[in-house]
Amino acid sequence: MRRLNHYGAILLTLSVCTISHGALVHDFDSQLDATVSATFPLNAFTDKAKTAWGVYDRTDLLPEKLIDESLAGADSFGIIQSQDTDNFFGIVDTYNDDVKGTIEVSFTFDLTVLPGSAYDVSIDMGAMGDFEAGDIFKWDYQFDQEPAQRLFDITTNTAISHTYILEDNTSVSLVDPLVIGTQVIDNQIKTFSTEISPVSTASSLTITLTTDTNGALEAFAFDNIVVESVHMPEPASLILLGLGGIALISRRC
Ligand SMILES: [Ca+2]
Ligand SMILES: [Ca+2]
Ligand SMILES: [Ca+2]
Ligand SMILES: [Ca+2]
């Protein structure tokens with residue numbers, strides 16, 4: 001009976017180690033795990049009714065292209081629906097009287113509290129618009145001082161059109177949607193995920209969005225940046241861990 005309990009202890013130890021998940025979250029609301037920096041101050045564009053760059057909720061003064069108000073009246077353009085009352089990051093027309101050229105916003109997460117050999121990064125994204133190939137939405141990541149790499153490769157697919165569905169079921173077809181691979185970034189916000197790994201153990205992860213979008217008929221929103229450790233010990237480590245546990249039991253026995 002005593003021996004069985006010890007084996008149970010080994011299994012418990014292994015299972016705790018192999019599911020050592022944790023997550024850092026930046027949701028622009030109650031979980032603000034990232035340090036944020038931007039090359040142009042957030043929420044500082046002059047024309048707040050037509051341009052956007054920053055953190056908003058749907059009641060703020062902001063371009064109506066970001067907000068789906070179809071349930072309240074005629075509306076043919078929007079991403080943030082009536083139940084989406086929390087904060088999000090919104091972008092509309094960054095080529096304006098304040099800025100001409102690319103601007104960036106970066107989110108730096110402290111990985112010393114989330115050690116791992118691999119991370120799953122997910123970001124909720126929505127978009128609606130008639131974009132062009134020259135519009136830029138680039139997500140990059142960088143562990144410590146390692147070279148920056150592409151996180152999500154957003155491009156404009158100028159060969160297709162896309163039908164966007166508003167909250168009142170109005171459908172609106174527009175050419176040239178934003179895509180990641182073959183998946184359109186729709187006005188129904190979806191979670192996009194990818195797994196990344198540092199070359200060696202990293203103490204920080206910086207996720208950067210670079211954008212240059214010109215035109216009032218182009219809206220982009222994101223929320224809920226989640227960095228999850230998906231670290232799994234190497235099989236050799238598991239064997240050593242198991243042997244260590246057995247050795248410990250042997251000594252106790
Ligand atoms: Ca609208
Ligand atoms: Ca939020
Ligand atoms: Ca276009
Ligand atoms: Ca454009």
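**Phenylalanine 45**

I looked up the contacts of phenylalanine 45 in this predicted model. Leaving aside neighbours within four places in sequence, phenylalanine 45 is in contact with Thr51, Ala52, Trp53, Asn96 and Asp98. Two residues count as in contact if their C-beta atoms, placed from the backbone, lie within 7 Å. Phenylalanine 45 lies in the loop between E2 and E3. Strands (E, at least two residues) and helices (H or I, at least four) are DSSP runs, numbered from the N terminus.

I then asked whether phenylalanine 45 is buried or exposed. Phenylalanine 45 counts as buried because it has 23 C-beta neighbours inside 10 Å. The cut-offs are 20 or more other C-beta atoms within 10 Å for buried, 12 or fewer for exposed, and partly exposed in between, with C-beta atoms placed from the backbone. I also checked a pair distant in sequence: phenylalanine 45 and aspartate 97 are 52 residues apart along the chain, and their C-alpha atoms are separated by 8.3 Å.

**Conventions and confidence**

I number residues from 1 along each chain as its sequence is written, with chains lettered from A and ligands numbered from 1 in the order in which they are written. The model is predicted, so local features need pLDDT of at least 70 and side-chain atom pairs count only at pLDDT 80 or more, while totals for chains, interfaces and linings use all residues.

pLDDT is the predictor's confidence in each residue, from 0 to 100. The protein chain averages 88, and 83% of the residues score at least 70. Over residues 1-20 pLDDT stays under 50, and the model has 14 contacts beyond four places in sequence for them. Residues 237-253 also stay under 50, with 10 such contacts.

**Whole chain**

I noted two helices and 15 strands in the protein chain. Of its 253 residues, buried ones make up 29%. Among contacts between residues at least 6 apart in sequence, 75% join residues at least 24 apart.

**Positive phi**

Most residues other than glycine have a negative phi. I looked up the exceptions. Phenylalanine 28 has a positive phi of about 65° and is found in the loop between strand E1 (23-26) and strand E2 (35-38). Phenylalanine 28 counts as buried, because there are 20 C-beta neighbours inside 10 Å. Asparagine 43, in the loop between E2 and E3, has a phi near 55°. Asparagine 43 is partly exposed, with 14 other C-beta atoms within 10 Å.

**The sheet and E7**

What is the strand order in the open sheet of seven strands? I read it as E2-E5-E14-E7-E8-E11-E12, with antiparallel pairing. Two strands pair if DSSP finds at least two bridges between them. E2 and strand E12 (183-184) are the edge strands, each pairing on one side only.

I followed E7 to both of its partners. Eight bridges join E7 to E14, and lysine 138 has threonine 210 in E14 as its bridge partner. Four bridges join E7 to E8; here aspartate 140 is the bridge partner of arginine 150, and tryptophan 139 stands opposite phenylalanine 152. E7 and E8 form a hairpin with five residues between them, and aspartate 144 in the turn has a positive phi of about 40°.

In a regular strand the side chains alternate between the two faces of the sheet. In E7, Phe137, Trp139, Tyr141 and Phe143 point to one face and are buried. Ile136, Lys138, Asp140 and Gln142 point to the other face and are not buried.

**Nonpolar core**

A nonpolar core is a set of buried Ala, Val, Leu, Ile, Met, Phe, Trp, Tyr and Cys residues joined through C-beta atoms within 7 Å. The largest one has 50 residues, and Ala52, Leu66, Ala127, Leu205, Ala219 and Ala221 touch the most other members. Elements giving two or more residues to this core include strand E3 (52-56), strand E7 (136-143) and strand E15 (218-229). Its largest share, seven residues, comes from E15.

I looked at two of these members. Leucine 205 is in contact with Phe109, Leu111, Tyr119, Tyr141, Phe143 and Val227, leaving aside neighbours within four places in sequence. Alanine 221, found in strand E15, is buried, with 25 other C-beta atoms within 10 Å. Not counting residues up to four places away in sequence, alanine 221 touches Leu66, Ile79, Ile80, Phe88, Phe89, Gly90, Gly126 and Ile189. Alanine 221 and isoleucine 80 are 141 residues apart in sequence and 8.2 Å apart in space, C-alpha to C-alpha.
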